[in-house]
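Please walk me through this model, stop by stop. I have it open in a viewer and want to know what to select next.

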Amino acid sequence: APVQHGAITGITPVCPAIAGLTYSVTAVPNATSYNWTVPTGWTITAGGTTNSITVTSGAAGQNGNITVAATNSCGTSAPQTLAVTVSPGTPATPGAITGATSQCINQAGLVYSIAAVPNATSYTWTVPAGWTVTAGATTNSITVSTTAGAVSGNITVTATNSCGTGSAGVLAVTTVSGTPPAPGAITGYVAICPAITLSADYFVTAVSGATSYTWVVPGGWSITAGQGTTNITVQVPV
């Protein structure tokens, strides 16, 4: 009977459902055939009775042993074994990117992050022109800064492992070039009769680049709606 052959050569771990993987042993003197077995979910696609086989790997987690024994008319050798592992597949698309969607120019310490993606070993971020990643470029949380030339665009992130790179998560961001100009004239009642309870509106034309508005009213008056917007409703007391 043939003697036991040397170690099986071939890669492990492998990614799921990869075709064309080769495992082999050195040819054994006097052997006329070889008997191979592979883990559940794996498939031998070529060379099943030779000293070299081509296989397709199973799904993630379908780990096990590849074994081979040499044979001839006098018997079969002791088997040789190689433990193989199927890694998780390509990472999923990252979840929502958290962080402010509007940023001023010439700012530092701006943080954007995602929840860790299962089985990811690294992350790749891109930012718009004029934005710079200053920390965390390969992690699930980055720190960025904006320059005077920072433009609006998308922040994107992908997750990677040894099996590949998943689809990108995207967050649209805008840049604000500076402090908004002063609002124009306020429209609304300028003369109110005494001893009257009145609900009245006051408003201004939207200011370019403004994201919020802060209103102040006389003592005893109250803003009942619209604080933060271009239009407020006030309650004037008796």
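Select Pro13 first. In this predicted model, Pro13 sits in the segment before strand 1. Look at the peptide bond that joins Pro13 to Thr12: the bond is cis, with omega about 0 degrees. As a rule, most peptide bonds are trans.

Stay with Thr12. This residue also belongs to the segment before strand 1 (21-24). Is Thr12 buried or exposed? Neither label fits: its relative accessible area is 35%, and because that falls between the 20% and 50% cut-offs, Thr12 is partly exposed.

Now show what surrounds Thr12. Beyond its neighbours within four places in sequence, Thr12 touches Ala83, Val84 and Thr85. Draw a distance between the C-alpha atoms of Thr12 and Thr85. You should read 6.0 Å, for two residues 73 apart along the chain. Then pick the backbone nitrogen of Thr85: a polar atom of the Thr12 side chain lies 3.0 Å away from that nitrogen.

**The first core**

Next, select Ile8, Tyr23, Tyr34, Trp36, Trp42 and Ile66. These residues have the most contacts inside the largest nonpolar core, which has 17 residues. Colour the strands that feed this core. Strand 1, strand 2 (33-37), strand 4 (52-56), strand 5 (64-72) and strand 7 (80-84) each give at least two residues. Which strand supplies the largest share? Strand 5 does, with 3 residues. For background, nonpolar side chains in soluble globular proteins tend to be buried together.

A second core lies apart from the largest one. This other core has 16 residues, including Tyr112, Ile155, Ala159 and Leu171. Hold that selection for later.

**A hairpin**

Move to strand 3 (residues 43-46) and strand 4. The two run antiparallel and are joined by 3 bridges. Select Ala46 and find its bridge partner, Thr54 in strand 4. Now step into the turn. The hairpin has 5 residues between its strands, and Gly47 takes a positive phi near 80 degrees there.

**Gln103 and its surroundings**

Go to Gln103, in strand 8. Gln103 has a relative accessible area of 12%, so this residue is buried. What does Gln103 contact beyond its neighbours within four places in sequence? The list is Leu110, Tyr112, Trp131, Thr174, Thr175 and Val176. Tyr112 should already be in your held selection, as a member of the core of 16 residues.

**Two asparagines with positive phi**

Select Asn106, in the loop between strand 8 (102-104) and strand 9. Asn106 is not a glycine, yet its phi is positive, about 55 degrees. Then select Asn119, in the loop between strand 9 and strand 10 (122-126). Phi of Asn119 is also positive, near 70 degrees. Most residues other than glycine have a negative phi. Asn119 has 47% relative accessibility, so it counts as partly exposed.

**An open sheet**

Display strands 9, 12 and 11. They make up an open sheet of 3 strands in the order 9-12-11, with antiparallel pairing. Strand 9 (110-113) and strand 11 (131-135) are the edges, each pairing on one side only. On average, neighbouring strands of this sheet are turned by 40 degrees against each other, direction ignored. Zoom in on strand 11 and strand 12 (residues 141-146): 4 bridges join this antiparallel pair. For one of them, select Ala135 and its partner Thr143 in strand 12.

**An aromatic pair**

The structure holds 3 aromatic pairs. To see one of them, select Tyr202 and Trp221: their rings are 6.4 Å apart centre to centre, with 45 degrees between the planes, a tilted pair. Tyr202 is in strand 16, and Trp221 is in the loop between strand 16 and strand 17, 19 residues apart along the chain. Now compare accessibility. Tyr202 is buried, with a relative accessible area of 9%. Trp221, at 25%, is partly exposed.

**Last stop**

Finish at Thr214, in the loop between strand 16 (198-203) and strand 17 (222-225). Its relative accessibility is 73%, so Thr214 counts as exposed. Zoom out and add His5 to the selection. The C-alpha atoms of Thr214 and His5 are separated by 82 Å, with the two residues 209 apart along the chain.

Conventions
Residues are numbered from 1 along each chain as its sequence is written. Side-chain values use heavy atoms; hydrogens and water are left out. Buried means under 20% relative accessible area, exposed over 50%, partly exposed in between (1.4 Å probe, protein chains only). Contact means heavy atoms within 4.5 Å. A polar contact is a pair of N or O atoms within 3.5 Å; within protein, one must be able to donate a hydrogen and the other to accept it, and residues adjacent in sequence count only if both atoms are side-chain atoms. Two strands pair if DSSP finds at least two bridges between them. Axes are lines fitted to C-alpha atoms, for helices over the stretch in contact, and angles run from 0 to 180 degrees between N-to-C directions. A nonpolar core is a set of buried Ala, Val, Leu, Ile, Met, Phe, Trp, Tyr and Cys residues joined through side-chain atoms within 4.5 Å. Rings of Phe, Tyr and Trp (its six-membered ring) pair if their centres lie within 6.5 Å; planes under 30 degrees apart count as stacked, over 60 as edge-to-face and the rest as tilted.
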